[in-house]
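Biologist: I am new to this model and would like a close look at one part of it, the loops with unusual backbone. Please set the scene before you go there.

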Amino acid sequence: MTKLTNTPWDKLEVGMEAEVRRVCRADDFFVFANITGNMNPKHFPRMKEVEGDAGLHEPVAPAMWVSTLVSSALGNKLPGPGTLYKSHKVEFHERAHDGDELIVKVRLTDKLDNNVARFSCAVDTTEGKHLMDGTVEVYAPLEAMDYDAGDIPGMIVQKHVHFDKMLAEAEPLPPMKTSVVAPETEDSLLGPLLAADHTIIDPILIGDEVKIHAAAKAIGRDISGFELIHEPNHKLAASIGVRLVHEGKAQAVMKGNLHTDDLLGQVVKRDGGLRIGRRLSHVFVMDVPGLTHLLLISDAAINIAPDLETKVDITQNAIDLGHALGLDVPKVGILSAVETVTPKIPSTLDAAAISKMAERGQIKGALVDGPLAMDNAIDIEAARTKGIQSMVAGQAEILIAPNLESANMLAKELTFIAHAEAGGVVIGAKCPVILTSRADDEKARLVSCACAALYAYKKAPV
């Protein structure tokens with residue numbers, strides 16, 4: 001929380017100065033465009049070619065956005081809360097760009113009648129570019145005032161920085177050999193090819209050769225450089241994909257255009273499957289606008305009504321993936337409808353047992369607490385309001401749902417209502433299993449492959 005305190009009119013003295021700093025971000029330019037209606041493409045990162053703008057390589061900060069930063073120095077620092085504008089006269093000299101750090105300075109030059117204060121203002125970059133200068137007149141506050149800036153709700157820009165960071169970490173790794181089973185439609189083939197473009201995987205295409213080539217032609221892609229194994233029977237194709245893992249020729253398995261049961265049936269079979277003595281579970285990895293960290297949700301795809309033993313494996317699988325994705329000691333919230341243990345809601349009993357098992361070292365590598373309701377699992381104020389004292393409450397990075405239905409609904413709600421981006425992977429086998437959906441967009445497919453790659457190279461079981 002940031003406390004803002006003002007300097008009333010009678011305390012102002014000529015020569016007083018204030019300074020704020022702000023890094024230009026493309027997100028700021030998008031927000032400014034939506035507020036003002038100024039959709040000039042010179043202010044945005046290049047998302048597509050714009051006629052007559054071939055020479056633009058980076059977004060230019062809107063000049064009026066730069067000018068408005070003066071108000072942050074006046075309204076927050078000097079005079080501070082209670083200040084109101086009278087006039088603003090400035091001249092622009094150079095341009096700011098995405099990534100520049102700006103220094104905004106104001107200096108009191110005159111005290112006029114009717115509590116009007118005149119300030120000189122200037123904006124420069126830390127690299128020495130002089131962007132703007134001018135004069136501003138404001139009505140200074142007459143009474144002392146302080147204000148908690150934390151009371152102002154933040155804004156959410158739909159940009160997924162956590163996934164961008166994950167992709168940047170996965171791309172330098174050696175491409176992961178991946179058995180791609182039945183990539184026989186445009187959607188199911190495009191996913192692995194996009195991941196190959198980003199050097200995340202090296203796909204081995206297994207399925208009906210005629211259908212795969214037809215799909216490649218439909219999306220305008222040349223697949224001659226990839227290994228292709230012809231097997232039109234989906235169960236047999238899945239069996240080949242699993243066998244390649246055993247032979248050391250593949251490090252992951254990816255679902256194409258076949259039924260999930262046909263793929264997982266080969267993964268979990270006792271003879272020749274990929275079992276390692278732990279139940280398989282699916283983990284959604286989500287980049288939620290407004291959250292400062294990745295959010296993992298499990299299990300939303302495999303275990304319909306898991307018992308306590310299965311929930312333990314689900315929890316450990318999610319923790320292992322969390323480690324691979326950079327969560328050193330993940331905070332795991334075991335969800336239920338309430339945060340109190342009650343025999344009338346069986347999931348609260350399971351949550352309490354899992355929490356105690358983690359304390360005893362039966363679940364390793366994380367801080368685990370439950371039962372927690374959704375609000376007090378992810379919102380610190382909700383946890384405080386309910387008097388919950390926990391290292392996890394209000395800041396959970398992994399959420400373990402009571403059953404598949406609740407996990408799936410939670411993940412889909414975040415995706416389609418909160419504008420989260422979602423990827424996912426199946427953990428608990430000899431290698432990661434990448435399950436993609438026809439509804440997945442390009443980023444989701446890439447991230448699912450990146451999750452699998454990071455897990456395979458960092459945390460895969462031996």
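Biologist: To begin, how many positive and how many negative side chains does the protein chain have, and how far apart do the centres of the two sets lie? Then take me through the loops.

Modeller: This is a predicted model. On charge, the protein chain has 47 positive side chains and 63 negative ones. The centres of the two sets lie 3 Å apart.

Now the scene. The chain holds 462 residues, and 48% of them are buried. Its secondary structure comprises 13 helices and 18 strands. Along the principal axes, the C-alpha atoms fill a box of roughly 90 × 60 × 30 Å. Among contacts with a separation of 6 or more, 70% join residues 24 or more positions apart. The exposed area is about 22300 Å², with carbon and sulfur atoms supplying 51% of it.

Two pairs of residues give a feel for distance. Lys235 sits in helix H6, residues 234-246. Its C-alpha atom is 72 Å from that of Met145, and the two residues are 90 apart along the chain. Lys235 counts as partly exposed because its relative accessibility is 49%. Beyond its neighbours within four places in sequence, Lys235 is in contact with Asp262 and Gln266. The second pair starts from Lys356, in helix H9, residues 346-359. The C-alpha atoms of Lys356 and Glu209 are 52 Å apart, with their positions 147 residues apart along the chain. Lys356 has a relative accessible area of 39%, so it is partly exposed.

On to the loops. Most peptide bonds are trans, and most residues other than glycine have a negative phi. Some places in this model depart from that pattern.

Take the peptide bonds. The bond from Leu78 to Pro79 is cis, with omega near 0°. Pro79 belongs to the loop that runs between helix H2 (63-76) and strand S3 (84-92). Another cis bond leads from Ser298 to Asp299, and here omega is near -5°. Asp299 lies in the loop between strand S13 (295-298) and helix H8 (308-324). Strand S13 ends at residue 298, so to speak at the doorstep of this cis bond, which starts from Ser298.

Next, phi. Asn114 is not glycine, yet its phi is positive, near 60°. Its loop joins two strands, S4 (101-111) and S5 (116-125). Asn114 counts as exposed because its relative accessibility is 64%. Ala182 also has a positive phi near 60°. The loop of Ala182 lies between strand S8 (176-181) and helix H4 (186-197). Ala182 has a relative accessible area of 0%, so it is buried. Set side by side, Asn114 is exposed, whereas Ala182 is buried.

One more loop deserves a stop, this time for its surface. Met391 is found between helix H11 (380-385) and strand S16 (398-400). With 57% relative accessibility, Met391 counts as exposed, because the cut-off for that class is over 50%. Together with Val329 and Leu367, Met391 makes a nonpolar surface patch of about 270 Å².

To retrace the loops on screen, start at Pro79 for a cis bond. Go on to Asn114 and its positive phi, then to Ala182 and its own. Asp299 brings another cis bond. Finish at Met391, with its part in the nonpolar patch.

Definitions and conventions:
Residues numbered from 1 in each chain as written. Predicted model: local features only at pLDDT ≥ 70, side-chain atom pairs only at ≥ 80, totals over all residues. Heavy atoms only, no water. Helix = DSSP H or I, 4+ residues; strand = E, 2+ residues; numbered from the N terminus. Buried < 20%, exposed > 50% of the residue type's maximum accessible area, 1.4 Å probe, protein only. Contact = heavy atoms within 4.5 Å. Areas by Shrake-Rupley, 256 points an atom, 1.4 Å probe, with all protein chains shown as cover. Lys, Arg positive; Asp, Glu negative; His and termini not counted. Charge placed at Lys NZ, Arg CZ, Asp CG, Glu CD. Patch = residues over 30% accessible without salt bridge, like charges linked within 9 Å, V, L, I, M, F, W, Y side chains within 5 Å. Salt bridge = Lys/Arg side-chain N within 4 Å of Asp/Glu carboxyl O.
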